[in-house]
Amino acid sequence: MSDANQYGYRAFQLGGFRFTRDEYFVHIAWPGGSHTMPADAFLRALIRDVAWNFFYGIVNFDSVFGTVNHYGTVDVFAGLYNAGYREKNKQHVENINGDEVRERFSEILADWTNEDFDPFAAPEETGTPFGSKHGSNPKAINRKRLVASRMTGMKGDTPLRSDAAGNPVNRQFKDIPQDEPEVHAEPGFETEVHAYNFFAYVSRSDVTWNPSVCAAVKDSLICATTEEFMLPVIHGNDRVEWFVQLSDEIHWDIQDRDSGAPRARAVMKAGDVAAMPADIRHQGYSPKRSLLLVWENGDPTLPEKYASGKLKSNPVDF
Ligand SMILES: [Fe+2]
């Protein structure tokens, strides 16, 4: 491509932010500052920010760069949630239309992801993101979202995952039983009653750290996800987030959301339940692939209620 640099990668502009990459690093520059990130960490964070449509609250790519979701517009920032930058008033933030941010981020992702790298995969299951530009990987970065109209596996609905459909059980979930429950419906209710082995379904997911909504009842969103290696973003909550560790274990570093000051460490083992407060940021480490259930309250009035102190940041006192 004509505007590519010597390594074959294009440069991108978003508002006052300029993004370039070389063989190992991504360089971000803005009026008054600049920042460098390893290309693998940047691409793993970027694909999730795009796929999650900026998620709830803050997606910190690292301790300097990230986005804040205002559900329509997005703050793209450098140093906004970094105590050192704030102390010297060196933070930079631009409020930009969400569609524009997502579009530019998608272009960066498409140009900078090489053919053998899948940013959603665990490091053991993908090739290297480094080196000069070689090919692209549209299959990995444009995964199709599966939407069930009633429930996965019902007649005429999204099918269950299977070997035949190209969803093998992940190498680290070989111990998860794959048998399906027996359903004995009363005559006339055969199309109304349904059940499937949820652990088996999730054990066939080929992505990591990517919560998918598996049950939505009004604002109650239950999300299942498979985790391996580390959460590629440091998520800053704008509401309480419940975790149910379904298998294996995840180690969480929990920090003050705004300054990044350490607040707690939590080692969650199978069966553990945690309510992550609304005023923290956290990053998880999963030594072996594990199953995590995340429960989010999608009520759009919550961020304001927590910000104004109408709601306490922790839902339970012990
Ligand atoms: Fe979170």
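The following questions and replies go through how features of this predicted model get their labels.

Me: What makes His-235, Asn-237, Glu-241 and His-282 donors of the iron ion?
Reply: Their atoms ND1, OD1, OE and NE2, in that order, lie 2.0 to 2.5 Å from the iron ion. The cut-off for a donor is within 2.8 Å of the metal, so these atoms count as donors. In sequence the donor residues follow the spacing H-x1-N-x3-E-x40-H. Among them, His-235 and Asn-237 are buried.

Me: Why is the arrangement around the iron ion called irregular?
Reply: The 4 donor atoms subtend angles of 79 to 135 degrees. Tetrahedral would need all angles between 85 and 135 degrees, and square planar would need opposite donors over 155 degrees apart. The angles of 79 to 135 degrees meet neither condition, so the arrangement is irregular.

Me: Why is Phe-229 called partly exposed?
Reply: Phe-229 has a relative accessible area of 40%. Buried means under 20% and exposed means over 50%, so 40% falls in between and Phe-229 is partly exposed. Phe-229 is found in strand E10, residues 220-230. Leaving out residues up to four places away in sequence, Phe-229 touches Pro-123, Trp-209, Gly-284, Tyr-285 and Ser-286.

Me: What makes strand E7 largely enclosed by the rest of the structure?
Reply: Strand E7 covers residues 73-78, and 5 of its 6 residues are buried, so the strand is largely enclosed.

Me: How do you know that E7 pairs with E6 and with E8?
Reply: Pairing takes at least two bridges between two strands. E6 (residues 65-69) and E7 have 5 bridges, and E7 and E8 (residues 92-97) have 6, so E7 pairs with each of these strands. Both pairings are antiparallel. Gly-66 has Phe-77 in E7 as its bridge partner, while Ala-78 stands opposite His-92 in E8. The hairpin of E6 and E7 has 3 residues between the strands, and Tyr-71 takes a positive phi near 60 degrees there.

Me: What makes E1 and E4 stand at the edges of their sheet?
Reply: The open sheet has 4 strands in the order E1-E2-E3-E4, with antiparallel pairing. Strand E1 (12-14) and strand E4 (33-38) each have a single partner strand, so one side of each is left without a neighbour in the sheet. The twist averages 20 degrees from one strand to the next. Within the sheet, 4 bridges join E2 to E3, and Arg-18 has Ala-29 in E3 as its bridge partner. Helix H1 packs on the sheet, touching E2, E3 and E4. Helix H3 (residues 98-112) also packs on the sheet, touching E1, E2 and E3.

Me: Which residues touch the most other members of the largest nonpolar core?
Reply: Of its 52 residues, Phe-19, Phe-42, Phe-61, Phe-105, Trp-112 and Trp-252 touch the most other members. The largest share, 7 residues, comes from helix H1, residues 39-51. A second, separate core of 9 residues includes Phe-173, Val-202, Ala-224 and Leu-293.

Me: Where is Tyr-24 placed, and which residues is Tyr-24 in contact with beyond its neighbours within four places in sequence?
Reply: Tyr-24 is in the loop between strand E2 (17-21) and strand E3 (25-30). Beyond those neighbours, Tyr-24 is in contact with Met-37, Pro-38, Ala-39 and Phe-130.

Note on methods
Residues are numbered from 1 along each chain as its sequence is written. This is a predicted model: local features need pLDDT of at least 70, side-chain atom pairs count only at pLDDT 80 or more; totals for chains, interfaces and linings use all residues. Side-chain values use heavy atoms; hydrogens and water are left out. Donors are N, O and S atoms within 2.8 Å of the metal (3.2 Å for Na, K and Ca); water is not among the atoms, so sites may look incomplete. Four donors count as tetrahedral if all angles lie between 85 and 135 degrees; four count as square planar and six as octahedral if opposite donors are over 155 degrees apart and all others between 65 and 115; anything else is irregular. Buried means under 20% relative accessible area, exposed over 50%, partly exposed in between (1.4 Å probe, protein chains only). Helices (H or I, at least four residues) and strands (E, at least two) are DSSP runs, numbered from the N terminus. Contact means heavy atoms within 4.5 Å. A nonpolar core is a set of buried Ala, Val, Leu, Ile, Met, Phe, Trp, Tyr and Cys residues joined through side-chain atoms within 4.5 Å. Axes are lines fitted to C-alpha atoms, for helices over the stretch in contact, and angles run from 0 to 180 degrees between N-to-C directions.
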